[in-house]
Each structure stands twice: as C-alpha cells, then as structure tokens.
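Trainee: Before we discuss this entry, could you show me the model and let me ask how each label in its description is justified?

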Amino acid sequence: MKIETRIVLGTAFFLGLLLIVGWVALNEEGRMAEFTVQYEARSLERGATIWESNCSACHGAFGQGSGRAPALNNPRLFNGERLQEMKWAGGLYAYVENAISAGRPASVAYWPEAMPTWGQQYGGPLRTDQIRDVTRFVLNWEASALDEQNPPEVVQDFILPGVREEGDLQIMASGQPVGTGLATLELPVGDPVRGERLYNSNELGCSSCHMGGVIAPPTEGTVTRAEQRIATVAALANYTVEQYLIESILVPNAYLVPNEGSKVYATGGISIMQQNYSDRIDAQDLADLVAYLLTQG
Ligand code: HEC
Ligand code: HEC
C-alpha cells in the first residue's frame with residue numbers, strides 16, 4: 001500500500017472513531033435517564049415484594065389500613081397534613097423512612113401491636129437498601145392517594161399521637177425516641193411484697209413466662225443482668241437499673257434481650273412479652289413490680 005493511501009485510511013479511521021465516541025457521549029444523558037428509570041422500577045419491584053411479605057398484614061395489601069395499622073395510601077400522608085400534626089420539619093421521604101426504620105415502640109398504647117422496628121441500625125431485620133426500596137414503594141402511592149376522581153379507600157386513618165385513655169401510664173409519647181420519657185418519670189414509692197404478688201398473679205402473668213427461665217429470662221438475677229446490659233449495650237449507657245426495668249415492662253421491643261440457645265425471645269424485632277402492660281397497670285403497680293424485681297440481684 002502506498003504511504004498516502006495508508007495516511008488517508010488512517011485519518012478516515014480516526015475520524016470515524018471520533019464520530020462514534022462523540023455519538024456515545026452525546027447519548028450518555030439519554031442512557032443515564034433510561035438507566036435511572038430501570039433502576040427505580042427495579043427498586044419499586046423489590047419494595048413491593050418487601051411490602052407483601054412484611055407490611056401488608058397490618059397496613060393492607062393496597063395500603064388501605066386495617067384494625068392493626070393506619071392506611072398509608074392516604075391523601076393525608078401526601079398533602080402535608082400528617083407531617084404537620086406530627087410536627088415533622090423535614091421532608092416526606094425522611095419521615096416515611098424514619099418511621100419504617102425506627103418503628104414506633106410506644107404505639108402499642110393504642111394499636112394491638114406496635115409498628116415494628118425494621119432498620120438494622122435499630123435492631124430490625126431490613127438492610128438500608130431494603131428500607132429505601134420499601135420507602136419508595138410507599139411514596140409511589142402519591143398519585144393514587146391524591147387522585148380526586150378516584151380517591152383510595154381509607155379503612156383506617158392515622159391516629160393523633162399522644163391521645164391515651166385516662167389512667168394509662170403517660171410515659172412515652174409516640175414518635176419520641178425510646179427512653180425520652182424515662183428521665184423525668186416520677187413513680188410513687190414501691191412495695192416489693194405487693195409487687196411480688198402482682199408478678200405472680202394470673203392477671204399479669206409475669207412469672208408464668210419468667211419463673212425458671214424456660215421461655216423468658218429468669219426472674220432470679222434480673223438486676224445483675226440489667227447492670228451488665230447497661231454496662232455493655234451502647235443504647236442503654238445512660239440508663240439506671242430502674243429505668244431499664246421500667247422500659248422492659250412497658251416497651252418490651254425497645255431493647256430486646258438476645259435469644260439464648262434454643263430460647264427464642266423475639267422474632268422480627270418483636271418480643272414475645274405482652275406489649276400492652278402500659279394499659280393494664282398504673283403507676284403504683286409499676287413501682288411495686290420494679291421494687292420486687294430490684295430484690296432479684
Ligand atoms: C404489626 C403490625 C405492623 C406491621 C407488620 C407494619 N406496621 Fe407500619 N405501623 C403499624 C402501626 C400500629 C402504625 C401506627 C403507629 C402510630 O400511630 O404511632 C404504623 C405506622 C407506620 C408508618 C407511619 C405512619 C404515620 O404517619 O404514623 C409507616 C410509614 C409504616 N408504618 C410503614 C410500614 C412498613 C413499610 C412496614 C413493612 C416493612 C410496616 N409498616 C409494617 C403497624 C405495623
Ligand atoms: C409471654 C411471656 C412473658 C410475659 C407474660 C412477661 N414477660 Fe417479661 N420478658 C419476656 C421475654 C421473652 C423477654 C426477653 C425479650 C425482651 O427483651 O423483651 C422479657 C424481658 C423482660 C425483662 C428484661 C429481662 C432481662 O434479662 O433484661 C423484664 C424486667 C421483664 N421482662 C419483666 C416482666 C414483667 C414485670 C412482667 C409482668 C408484668 C413480664 N415481664 C411478663 C417474656 C414475658
């Protein structure tokens with residue numbers, strides 16, 4: 001081949017390459033957009049699967065709510081009303097993500113079971129990316145929730161936090177970080193003898209689980225274990241033994257004693273211990289139960 005021909009061919013090849021590179025670069029934005037759409041579609045799909053297996057039993061298959069939990073496919077979530085009544089200053093995404101990750105341990109005061117804790121950073125079962133997927137899935141209801149022509153069916157609306165029945169222990173308001181109410185709690189003087197009676201009563205049934213430690217941590221040594229937990233678990237660092245006991249009784253899911261051997265104390269972030277003692281006992285009962293447990297060193 002003549003040298004000139006080679007130069008011409010080489011130049012043509014080079015120009016061709018430039019054209020291709022330029023075309024690819026120009027289309028980068030379009031492909032990125034398409035990629036994002038695909039990525040989001042897959043995230044929603046995964047979110048739907050998580051919803052189906054973890055959330056629909058309480059919140060309903062279509063987010064319509066049930067006797068166990070409020071509707072999330074609900075105009076009030078998307079039109080700002082809910083954020084306002086919850087005094088949430090941030091955005092909707094952060095609100096929903098936070099509720100899912102942290103759960104609402106205190107919501108047992110009015111619901112049959114509390115909204116479980118889902119985020120792994122709070123001891124729940126879902127990874128950060130799974131929380132993101134299911135958060136997006138919930139937020140994807142916006143269009144249907146705000147569709148005035150075809151409003152969604154809301155079987156159960158949100159409740160106003162902090163509304164409790166008279167006589168309930170006003171310890172922790174919904175949405176507060178667990179433990180917030182404990183520091184200011186003032187209990188009457190406890191009577192350990194009455195506390196022991198309550199503990200063994202059929203009405204409360206504490207000992208039916210705790211005696212002998214068959215299905216729950218044993219009554220004996222409760223104080224010693226509480227001291228160990230406070231010393232070793234970061235989330236409990238500022239607790240007194242009394243506060244730990246109070247929280248264990250009123251909000252069992254706040255801190256879960258790890259399963260021991262074949263004994264399963266909790267599944268999916270929910271303790272097998274009853275979650276409604278805050279409705280069933282008053283401040284004196286609580287003080288007496290704690291006074292009794294404090295004798296169990
Ligand atoms: C055991 C029943 C139960 C399950 C399972 C459950 N939730 Fe909930 N959830 C609740 C209850 C009860 C509330 C209301 C809490 C309150 O009023 O403080 C709630 C509240 C919420 C809220 C906050 C709504 C608001 O503004 O008060 C979101 C968001 C939410 N759940 C999402 C989810 C997601 C996502 C899942 C699945 C990963 C899920 N929930 C699984 C019971 C449940
Ligand atoms: C249905 C069984 C059951 C009943 C009834 C029950 N508990 Fe529990 N309790 C558990 C389980 C399981 C745990 C461990 C998991 C956890 O952290 O919630 C626990 C944890 C505790 C702890 C923390 C123990 C530790 O080692 O740190 C205390 C304190 C406690 N319960 C007190 C009570 C009192 C007081 C009552 C009655 C008012 C009661 N429990 C009723 C099952 C039960």
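Mentor: This is a predicted model, and a good place to begin is the iron atom of ligand 1, which is coordinated by H59 through NE2 and by M115 through SD, at 2.0 to 2.1 Å.

Trainee: What makes H59 (NE2) and M115 (SD) donors to the iron atom of ligand 1?

Mentor: A donor is an N, O or S atom within 2.8 Å of the metal, and because these two atoms lie at 2.0 to 2.1 Å, both satisfy that limit. The pair links distant parts of the chain, with H59 in helix α2 (residues 56–59) and M115 in the loop between α5 (92–102) and α6 (128–139), 56 residues apart.

Trainee: Why is the site of the iron atom of ligand 1 called octahedral?

Mentor: There are six donor atoms, and the angles among them run from 89 to 179 degrees. Six donors count as octahedral if opposite donors are over 155 degrees apart and all others between 65 and 115, and the site is classed as octahedral on that basis.

Trainee: Are the two residues buried or exposed, and how do you know that?

Mentor: Buried means under 20% relative accessible area and exposed means over 50%, with partly exposed in between. H59 has 9% relative accessibility and therefore counts as buried, whereas M115, at 23%, counts as partly exposed.

Trainee: Turning to the aromatic residues, what makes the pair of W51 and F137 tilted?

Mentor: The structure holds six aromatic pairs, and in this one the centres are 5.9 Å apart with 40 degrees between the planes. Planes under 30 degrees apart count as stacked and those over 60 as edge-to-face, so an angle of 40 degrees leaves the pair tilted. W51 lies in helix α1 (residues 3–54) and F137 in helix α6, 86 residues apart.

Trainee: Why is the pair of W51 and W141 called edge-to-face?

Mentor: Here the ring centres are 5.0 Å apart, and the planes meet at 85 degrees, which is over the 60 that the label requires, so the pair is edge-to-face. W141 sits in the loop between α6 and α7 (142–145), 90 residues from W51 in helix α1. W51, F137 and W141 form one aromatic cluster.

Trainee: How do you know whether W51 and W141 are buried or exposed?

Mentor: W51 has a relative accessible area of 4% and W141 has 12%; both values are under 20%, so both residues count as buried. F137 is buried as well.

How values were computed:
Residues are numbered from 1 along each chain as its sequence is written. Chains are lettered from A and ligands numbered from 1 in the order in which they are written. This is a predicted model: local features need pLDDT of at least 70, side-chain atom pairs count only at pLDDT 80 or more; totals for chains, interfaces and linings use all residues. Side-chain values use heavy atoms; hydrogens and water are left out. Donors are N, O and S atoms within 2.8 Å of the metal (3.2 Å for Na, K and Ca); water is not among the atoms, so sites may look incomplete. Four donors count as tetrahedral if all angles lie between 85 and 135 degrees; four count as square planar and six as octahedral if opposite donors are over 155 degrees apart and all others between 65 and 115; anything else is irregular. Helices (H or I, at least four residues) and strands (E, at least two) are DSSP runs, numbered from the N terminus. Buried means under 20% relative accessible area, exposed over 50%, partly exposed in between (1.4 Å probe, protein chains only). Rings of Phe, Tyr and Trp (its six-membered ring) pair if their centres lie within 6.5 Å; planes under 30 degrees apart count as stacked, over 60 as edge-to-face and the rest as tilted.
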